[in-house]
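Let's take a walk through this protein, one region at a time. Keep the viewer open and follow along as we go.

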Amino acid sequence: MTLIKQLSPQDEFTGYYLLRELAIKQTNGNPPKDYFDIVLGDSSGQLSAKFWDVSTTDKETFFPMALVKVRGIAHLYREKLQIKITKIRLVNDSDGVSLTDYIRSAPIRPVDLVHTIKAAAADIVDSEVSAIVAFCIGKVEDKLMHYPAAKTHHHAYFAGLAYHMVRMLEIGEFLCRQRPFLNPDLIKAGIILHDIAKPEEMISEFGVVSDYSVQGKLIGHISLAANWITEAAIRCGIPLESEKVLNLQHLVLSHHNLGEWGSPVQPQTAEAVALHHIDAMDAKLQMVEDALDTTPETEEWTPFIRGLENKAVYRTKL
């Protein structure tokens, strides 16, 4: 079995992979011919692939999130590694492989991640803030066990959202010790709430996002979470104009920092400034870590990372 991370140009290989994405496209020939534009994935990463001369039967057989056995050749296309598939079939029972073996997942058990998040919420001293956070967690607790934090940018794998929150909580705890003027309750609450509505924004199976939901497209996770805070306050009998509700809503609404990044307001409290940078730090460092982990160790540079302004990262050797 050849892992995607292990592939190099001109490698001929056979292995089992997940069809993370599949689209039917046409060549520019006369007449045009159908082909599959595919993203193959396994636990080590993913790669773009092409399967040419697609038949009618092929189009009825293969679909996204299917496990397949592939024979192919790795090659460079526009300086990026790509796969030319020479043979493909669906996995059958005799292959003895399972879907969960071919998806990326957080390095910590999902049940432990969710336990940590709920413990942090329970550790919030202010009872009203704690109640609002607990209400919002309750809306998506089951989905926190497996949802990614994003479709492609960062923590885009099984239980990635919960892993993102836990890593942010660790950074937040350190910052509150280093900067005592920060309110620990608001930092914990902001970290837990900032992406809490992501599971309602995306359609995901086994940590792979296939599309955005109608709510995700029309409203988005930031506005959804702000609405949940309002709903929680009403349920808990907390005045909507209270400082606590306003602070929590501001944390969520401003955490992307800029309008072009999705935030209707910029951070204007100490905790909101901290939350934005905690979020950005964890997301960007995870992009780097994931790129290094999924790039063959023989390669000095990772592929270009979109979330890092399309810059590649050099693998230091010290």
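**A guided look around the model**

Start with Met 65, which sits in the loop between α1 (56-61) and β4. Keep in mind that you're looking at a predicted model. Met 65 isn't a glycine, yet its phi is positive, near 75°. Is Met 65 buried or exposed? Residues under 20% relative accessible area are classed as buried, and Met 65 has a relative accessibility of 15%, so it counts as buried.

Compare that with Glu 309, in the segment after α10. Glu 309 also has a positive phi, about 55° here, and again the residue is not a glycine. Its surroundings are another story: Glu 309 has a relative accessible area of 58%. The cut-off for exposed is over 50%, so Glu 309 is exposed.

Another backbone feature to click on is the peptide bond from Asn 30 to Pro 31, which is cis, with omega near 0°. You'll find Pro 31 in the loop between β1 and β2.

Now for the strands. Five of them make a closed barrel, in the order β1-β2-β3-β5-β4, and the pairing is mixed. From one strand to the next, the twist averages 50°. As a quick reminder, strands in a sheet pair through backbone hydrogen bonds, and they can do this in parallel or antiparallel fashion.

Both kinds turn up as you go round. Where does the parallel pairing of β3 lead? Strand β3 (residues 45-51) runs parallel to strand β5 (residues 80-90), and two bridges join them. To find the spot, look for Lys 50, which stands opposite Lys 84 in β5.

From β5, move on to β4. These two strands run antiparallel and are joined by 10 bridges. One pairing to look up is His 75, whose bridge partner in β5 is Gln 82. β4 and β5 also form a hairpin, with two residues between them. In that turn you'll meet another positive phi, about 55°, this time at Arg 78.

On to β1, which pairs with β4 in the antiparallel sense over seven bridges. Here Gly 15 stands opposite Val 70 in β4.

With the barrel in view, turn to the aromatic side chains. How many aromatic pairs does the structure hold? There are five. One of the pairs is made by Phe 13 and Tyr 17, with ring centres 6.0 Å apart and planes at 90°, so this one is edge-to-face. Phe 13 and Tyr 17 are both buried.

Phe 36 and Phe 51 pair up too: their ring centres lie 6.2 Å apart and the planes meet at 40°, so the pair is tilted. Phe 36 belongs to strand β2 and Phe 51 to strand β3, so the pair ties together parts that are 15 residues apart in sequence. Phe 36 and Phe 51 are both buried. Bring Phe 62 into view as well, since ring pairs link Phe 36, Phe 51 and Phe 62 into a cluster.

Next, the pockets. The largest pocket holds about 1700 Å³ of space. Which elements give two or more residues to its lining? They are β1 (12-26), β2 (34-42), β3, β4 (67-77), β5 and α10 (270-293), so the strands of the barrel come up again here. The lining of the largest pocket has 45 residues, and those nearest its centre are Gln 46, Leu 47, Thr 294, Pro 303 and Phe 304. Sorted by class, the lining of the largest pocket has 18 nonpolar, 15 polar and 12 charged residues.

The second largest pocket has a volume of about 810 Å³. It is lined by 25 residues, and closest to its centre are His 153, His 154, His 256, Trp 261 and Met 287. Which element gives the largest share of this lining? That would be α10, with six residues. α6 (198-201) supplies at least two residues of the lining of the second largest pocket as well. By class, the lining of the second largest pocket comes to nine nonpolar, eight polar and eight charged residues.

Terms used
Residues numbered from 1 in each chain as written. Predicted model: local features only at pLDDT ≥ 70, side-chain atom pairs only at ≥ 80, totals over all residues. Heavy atoms only, no water. Pairing = 2+ DSSP bridges. Helix = DSSP H or I, 4+ residues; strand = E, 2+ residues; numbered from the N terminus. Axes fitted to C-alpha atoms, helices over the stretch in contact; angles between N-to-C directions. 1 Å grid on protein atoms, 1.4 Å probe; cavity = no way out; pocket = protein on both sides within 12 Å on 5 of 7 lines; lining within 4 Å. Points joined across faces, edges and corners; volume = space filled by probe spheres on them. Nonpolar A, V, L, I, M, F, W, Y, C, P; charged D, E, K, R; others polar. Buried < 20%, exposed > 50% of the residue type's maximum accessible area, 1.4 Å probe, protein only. Phe/Tyr/Trp six-rings, centres within 6.5 Å; stacked < 30°, edge-to-face > 60°.
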